[in-house]
Protein chains: 2
Amino acid sequence: MFSIGELSRRTKVKVPTIRYYEEMGLLAEAERTSGNQRRYDKAGLERLSFIRHARDLGFSIEAILSLIELQDHPDRSCETATDIAVSQLSDVREKIKRLKLLEKELTRISKGCDGLGVSEDCYVLASLSDHEHCENEH
Amino acid sequence: MFSIGELSRRTKVKVPTIRYYEEMGLLAEAERTSGNQRRYDKAGLERLSFIRHARDLGFSIEAILSLIELQDHPDRSCETATDIAVSQLSDVREKIKRLKLLEKELTRISKGCDGLGVSEDCYVLASLSDHEHCENEH
DNA sequence: TCTTGAACCTCTAGTCACTAGAGATTGTAA
DNA sequence: TTACAATCTCTAGTGACTAGAGGTTCAAGA
């Protein structure tokens, strides 16, 4: 059994975040010492690692709650879990697509001023004022 | 002169968001009718278009505030504006990089279950539990 | 001119996933 | 025993809005 600080060190999840996860129902309520401090075991560590990994992958708290429920009731869990992962994947792909368009335009905008002496009118500001300049939708 | 609703229609920025931008100092306080309703002109429309475009490109409210200040004091504005745009660009590139790693792993995870009859242990859940499976850092 | 109802006003509170701080208590090593 | 780091709970703040309550104003049709 170890303290919340130790759990934090082992999982790289900050102490207040652990308490927050408990409050949100992602972590079961921890056992307590006689002095009311939380104590964790291997199971707690594993669950928190799971949560952290899922958060790193961009799953929302809500999605993780669903995944945890599936873990606890493993009948037919795989399909639903895959659905959640696939939907997360399409979110990520959507974001990448959008960011690439932004990258393109920001590159264009940033290059406008560079090296040239022309700074009477700022190209960056002009570009931002006028969406018509853009080469693609965003 | 037109109303906040009309401004909203023309810029595709929602009415409460326009009021929020005013409160944040992005938009100058609008003129008012005798009945206290906001009225806008072409200048207001242009500034809001600028803000919307910048927000679409992922600039923070704070960054936009800086850009607006530059617009209002155009001496040497171009360098600073370019700096802001370049920094925004590198943010975007960072995000793309990260998301691509996530895409890779989510693809791997999502494929695990597909088509196979093996659903005793869910591959999605197992993958999320164990970071060691991952092929790259994220 | 009057009436109706859509649009407007301000204010407060909620969203997500934490993060920060205050003030009090507990655990542990010297 | 003592010192002090770590823990506890609670409230409030972050960014960029969004939602809702409850009240007022505008403008078009009768």
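Start by selecting the residues near DNA strand C, where near means having a heavy atom within 4 Å of the strand. This surface divides into four nonpolar, nine polar and five charged residues. For that split, Ala, Val, Leu, Ile, Met, Phe, Trp, Tyr, Cys and Pro count as nonpolar, Asp, Glu, Lys and Arg as charged, and the others, Gly among them, as polar.

Before you click on, a word on what is loaded: this is a predicted model, in which local features need pLDDT of at least 70 and side-chain atom pairs count only at pLDDT 80 or more, while totals for chains, interfaces and linings use all residues. Residues are numbered from 1 along each chain as its sequence is written, chains are lettered from A and ligands numbered from 1 in the order in which they are written, and side-chain values use heavy atoms, with hydrogens and water left out.

**Stop 1: strand C**

Show A:Tyr21, A:Thr33, A:Arg55, B:Gly5 and B:Arg19 as sticks; of the 18 residues around DNA strand C, these come nearest. On the DNA side, 88% of the strand C atoms within 4 Å of the protein belong to sugar and phosphate.

Now look for polar contacts, meaning pairs of N or O atoms within 3.5 Å; within protein, one must be able to donate a hydrogen and the other to accept it, and residues adjacent in sequence count only if both atoms are side-chain atoms. The side chain of A:Tyr21 puts an N or O atom 2.8 Å from a phosphate oxygen of strand C. A:Thr33 has a polar side-chain atom 2.8 Å from a phosphate oxygen of strand C. Over on chain B, an N or O atom in the side chain of B:Arg32 is 3.2 Å from a phosphate oxygen of the strand. Colour by element next: H2 of chain A and helix H1 (4-11) of chain B are the ones giving two or more residues to this surface. Helices here are DSSP runs (H or I, at least four residues; strands are E, at least two), numbered from the N terminus. H2(A) gives the most, with three residues.

**Stop 2: strand D**

Swing round to DNA strand D and pick out A:Gly5, A:Arg19, A:Arg38, B:Tyr21 and B:Arg55, which come nearest among the 18 residues around it. What part of DNA strand D lies within 4 Å of the protein, sugar and phosphate or bases? Sugar or phosphate supplies 88% of those atoms, and bases the rest.

Zoom in on A:Arg38, where a backbone N or O atom sits 2.8 Å from a phosphate oxygen of strand D. B:Thr17 offers a polar side-chain atom at 3.0 Å from a phosphate oxygen, and B:Gly35 a backbone N or O atom at 3.1 Å from one. H2(B) brings the largest share of this surface, three residues.

**Stop 3: the two copies**

Superpose chain A on chain B by least squares, using the C-alpha atoms of residues with pLDDT of at least 70 in both. A turn of 180 degrees with a shift of 0.0 Å along the axis does it, at an RMSD of 0.0 Å. That is the relation of a two-fold axis. To find the axis, select A:Ile96: its C-alpha, at 2.9 Å, comes closest of the residues of chain A.

**Stop 4: a helix pair in chain A**

Finish with contacts, meaning heavy atoms within 4.5 Å. Select A:Ile4, A:Gly5, A:Leu7 and A:Ser8 in H1(A), which meet A:Val15, A:Ile18 and A:Arg19 in H2(A). This contact divides into four nonpolar residues, two polar and one charged.
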